[in-house]
Amino acid sequence: MKIRRVIVGLDPVLQSRALLEAAVELAGRMEAELLGLFVENQDLLHFAGLPFAREVGFASATRRTLDVESMERSLRALAQEAQRTLASVAGRTPVQWSFRTVRGSPAAELLAAAEEYDLVIANLDAPAELPPSLGVRVVRAGDVETLRRALEEAGGGILVLAGADDDLVGETLRRVLER
Amino acid sequence: MDISTSHPDSLQALAAADLCRRCDPDQFKFQTTDELEDLAQVLGQARAVNAIEFGVGMGRDGYNLFAMGPEGLGRRTIIRRYLERLAPRGQAPSEWCYVFNFDTPHKPCAVELPAGRASRFRQDMARLVEDLRAAIPAAFESTEYRAKHREIETEFGERQEQGVGAVGERAKNQGIALVRTPAGFGFAPRHGDGVMNPEEYRKLPEAEQQRLESAISVLQEELESAIHDMPKWRREAQRKLRELNRQVTRAAVNGLSEELKAEYQSLPAVLRYLASMQEDVLDHAEIFRQPKDGEQPTLFGVPLPLSEMGESFLRRYQVNVLIEHGGTDRAPIVYEDHPTHDNLVGRIEHTAQMGALVTDFTLIKAGSLHRANGGYLVLDALKVLLNPLAWEALKRALRSREVRIESLGQALSLISTVTLDPEPIPLDVKVVLVGQRLLYYLLHAYDPEFGELFKVAVDFEEDMGRAPEADLLYARMIATAARQEKVRPLDRAAVARVIEHGSRNAGDAEKLSVQMRDINDLLRESDYWAGAAARKVVCAEDVQRAIDARVERADRVRDRLQEEILRGRLLIDTTGSRSGQVNGLSVAQLGGFSFGIPHRITARVRLGAGKVVDIEREVELGGPIHSKGVLILSGFIAGRYAANKPLSLAASLVFEQSYGGVEGDSASCAELYALLSALADAPLSQSLAVTGSVNQHGAVQAIGGVNEKIEGFFDICRSRGLTGTQGVLIPASNVKNLMLRRDVVESAAAGKFHIYAVDNVDQGIEILTGVAAGARDAAGQFPAATINFRVERRLSEFADRTRAFGATAVAKGRRRTGPRP
């Protein structure tokens, strides 16, 4: 099956350059278009909207209060940064790329994108169950065989789950392409 | 005892042959200088050459050389020639590099390498760094490294997971979600898979809200304490990673540097450097991993500092080759033309970075002491002394036997920018200072260290003896110089003329000047005139033309002075005779051109208290030597004529129309003649001029510039027309100095101009007055009518008259007081 579009999920929390590089390389090799999809996680905004919303800093281990405005500001800044990173990585290659921001649940948005686009690479845990109506095949990083099969057969989009290990996605994609 | 002659009229003018020692071209067998061999030896400088040989051969400390003598002798050329000849071959000195000091970065280390190895060492190190830049990233790309790296990361991740995950689990059990935010974690009530909407939350019963809020507060505290340990775990993981990195790097570095270590086995300093470099590379392996542009290396998402990254950091592994002696196998001979402090001891350059001056060991530059290390350094003494602190730096280096690079700003504490303190380099150099004699004697007198450090004086001569065989040697020297200067060959008459000029330059018929600059100039100028006359060989005519043209270019002042005399504004008589007036002669030197000019000297006498007044001295126009000459006259007159009587003479002496200063005693003879003439009232011939100094016994003594003086008077006489009676009286001891112009000699040969060589005052006064001087007879009396007789009688009269005045005054005094009753 000919992949025409590759979408890469850009997460506000787990920004991964390795994932981005893997996606750019894949798009380049398959002569496909690339879309960077930045999902503004709805959960974060909900969380920030709670009256007692507190954040415990990862590095400082201290508590900070949050509100919706500051969270939105912070998400906008992260989206810009993600776009810059995409521009710097993809800009060096001939790959045609674009960038889009959506608000919602990452899993839902990416699955929806996977329907529309041929291949989605995203830093997601596996959704508990997928509605069968979705014509999306889910492949976990490292599962080279499944991905290869999915690419050979026609029908619907493919969602590659990067999981925690960024490097593994790149390796998996590379190995599939080498065959 | 007085010196006087017994044969008054026996003194003859000198023969033409005595006036100039010609060089006979026919004594030479060659036609042109092309037939002559080069002269290898240095003419007339045996003392200097022996000193150079001794100084170069003497290996001990402090035997540095000072080549002294006036400019234009070719001191530098001779020194260079001898150094090249004597410098030991087959043992090129060591080469030196500066390398980074990994322990104390501001003190770069000096590394000594055998000749020809420094450049290789630099290339080897550059290649090593290049290889490391390929090998280290390759090692980090290996599967082994990645697996181990992942292991450490996973371990850290798990620990983190455990800490945060446990809290998350507890939260989940209470219906609370752990939310990952961009900067940390938070807790929120769950709703399905996601977080509860604030609207829904507000709809919850108050009790439920309170429960959630307090549960979240507890959870937050738990999370805080869990995260609190995380930096510790991260540090540990980082340490493990560093250790892993070191291991991987070590393998890559060891493999590459083993080869170099084997190659530099015999050089412990290089091995030491390589060992420290290896350790340093291990500490900074990330530099070699060449991060891609714009990407900052991170560790667990935390960016690493970028301050020391990149190419500039790798400079520390460069080798700064300070001195190399590529291709030569001999001791270096360095002539430093501009011996400033920095040019001597080297300097540390700075580059401007963001407005600040920074430096590193690669910006250390060698000085001439470094370049001359193991060989010879030739310096101009005056230039060293004129450049601030250069002399002190030179002495310090010679005394401590090491070159320490220290910037002037640092030495004077003027600048306190970042700078270096490079390790000093051992120094083994022989310094040759070239300078004037005065400088040598002044330094010797006033700088106590000078005598210690410059023990070998190389004293150059201005002239050489003109022994019969010297003419041919001199001709060969001319031939050598002509070839070196690439001028036309000289025929033998031209050579003879150059030799005569050399003798004239030496101011002595028995000497030849060895002022190479003057000889070379004359050759070049003669060549020019030969070219102008379209000749292929330089003839005597061209040499003469060159000499004449040179005089013509320089003689404006002389011409003006002579013109003033001929116009009668400067009063000089060249005919007739007059009492108490004589033509003296002086020499002026202007811009390397000397010329003689006559001066009228007059004397007046009267009764007085025995004092000869030197008017020049009274108005401070006369120098001390001139005054000394005048005082000697008093001594002579008193001793000869007034031994037993008071000298009741008052005399005044003056250089007429002299408005500058007068110095020297060469006019003392003329002054004495004027005085004697005034006392004896015997007119002196004005067609003669006099030069020479006199002592208290009346002996005439040698003076300088005799040729110029004679020619100066001759020019005036000739312009007015030679009468045949004109001439000059010179001291007999100056006859050897006569190298007169050809026109003077020709006039003398024709009997139109006379040079008299005078031994004592009596001879001179006889020639000038035409009256016998007279010698004391057995009774101690001078014969009547002689000059001496007349002088003595006059002085005796003065004495008697003084006594008479004295007696009258006493008598008057008695009359005034009167006899007592």
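# Two chains, question by question

In this predicted model, A:Val56 has B:Phe185 of β5(B) as its bridge partner.

Biologist: Which strand of chain B is joined to β3(A), and how do the two run?

Modeller: Start from the pair A:Val56 and B:Phe185, the latter in β5(B). Three bridges join β3(A) to this strand, residues 184-191 of chain B. The strand is β5(B), and the two run antiparallel.

Biologist: How many residues of chain B are in contact with chain A?

Modeller: Chain A brings 27 residues to the contact. Together the chains bury about 2,700 Å², 60% of it on carbon and sulfur atoms. On the side of chain B, the count is 34 residues.

Biologist: What is the N to O distance in the salt bridge of A:Arg63 and B:Glu221?

Modeller: The rule finds two salt bridges across the interface of chain A and chain B. One of them joins the side chains of A:Arg63 and B:Glu221. A salt bridge needs nitrogen and oxygen within 4 Å. Here the N to O distance is 3.9 Å.

Biologist: Which element gives the most to the side of chain A that touches chain B?

Modeller: Five residue pairs are in polar contact between the chains. On chain A, the elements that each supply at least two residues to that side are α2 (42-49), β3 (54-57), β4 (63-65) and α3 (68-90). With five residues, the one that gives the most is α2(A).

Biologist: By class, how many residues on the side of chain A that touches chain B are nonpolar?

Modeller: Split that side of chain A by class. Nine residues are charged and five are polar. The nonpolar ones number 13.

Biologist: How many helices and how many strands are there in chain A?

Modeller: Read along the sequence, chain A goes β-α-β-α-β-β-α-β-α-β-β-α-β-α. Of its 179 residues, 47% count as buried. Among its contacts with a separation of 6 or more, 67% link residues 24 or more positions apart. The totals are six helices and eight strands.

Biologist: Why does B:Glu711 count as buried?

Modeller: B:Glu711 sits in helix α26 (residues 706-720) of chain B. Beyond four places in sequence, B:Glu711 touches B:Arg504, B:Met739, B:Leu740, B:Arg741 and B:Val744. Buried means under 20% relative accessible area. B:Glu711 counts as buried because its value is 6%.

Biologist: Is B:Asn373 buried or exposed?

Modeller: B:Asn373 lies in a loop of chain B, between α12 (368-372) and β15 (376-380). Leaving aside neighbours within four places in sequence, B:Asn373 is in contact with seven residues named here in full: B:Pro93, B:Trp96, B:Pro332, B:Ile425, B:Pro426, B:Leu427 and B:Asp428. Its relative accessible area is 9%, so B:Asn373 is buried.

Biologist: Which residues is B:Val49 in contact with, leaving aside neighbours within four places in sequence?

Modeller: B:Val49 lies in helix α2 (residues 46-57) of chain B. B:Val49 is buried, at a relative accessible area of 9%. From B:Ala682, B:Val49 is 633 residues apart in sequence and 57 Å apart in space, C-alpha to C-alpha. The contacts of B:Val49 are with B:Val42 and B:Tyr82.

Biologist: Which residue with a positive phi follows α14(B)?

Modeller: Helix α14 covers residues 390-400 of chain B, with B:Trp391 and B:Leu398 among its buried residues. Next comes a loop between α14 and β16 (402-403). The residue there has a phi near 55° and is partly exposed, with a relative accessible area of 37%. It is B:Arg401.

Biologist: What is the phi of B:Ala785?

Modeller: B:Ala785 is found in the loop between α28 (761-769) and α29 (787-817) of chain B. B:Ala785 is exposed, with a relative accessible area of 52%. Most residues other than glycine have a negative phi. For B:Ala785, phi is positive, near 75°.

How values were computed: Residues numbered from 1 in each chain as written. Chains lettered and ligands numbered in written order. Predicted model: local features only at pLDDT ≥ 70, side-chain atom pairs only at ≥ 80, totals over all residues. Heavy atoms only, no water. Helix = DSSP H or I, 4+ residues; strand = E, 2+ residues; numbered from the N terminus. Buried < 20%, exposed > 50% of the residue type's maximum accessible area, 1.4 Å probe, protein only. Contact = heavy atoms within 4.5 Å. Buried area = accessible area lost by both parts, 1.4 Å probe. Polar contact = N/O pair within 3.5 Å; in protein donor to acceptor, adjacent residues only side chain to side chain. Nonpolar A, V, L, I, M, F, W, Y, C, P; charged D, E, K, R; others polar. Pairing = 2+ DSSP bridges.
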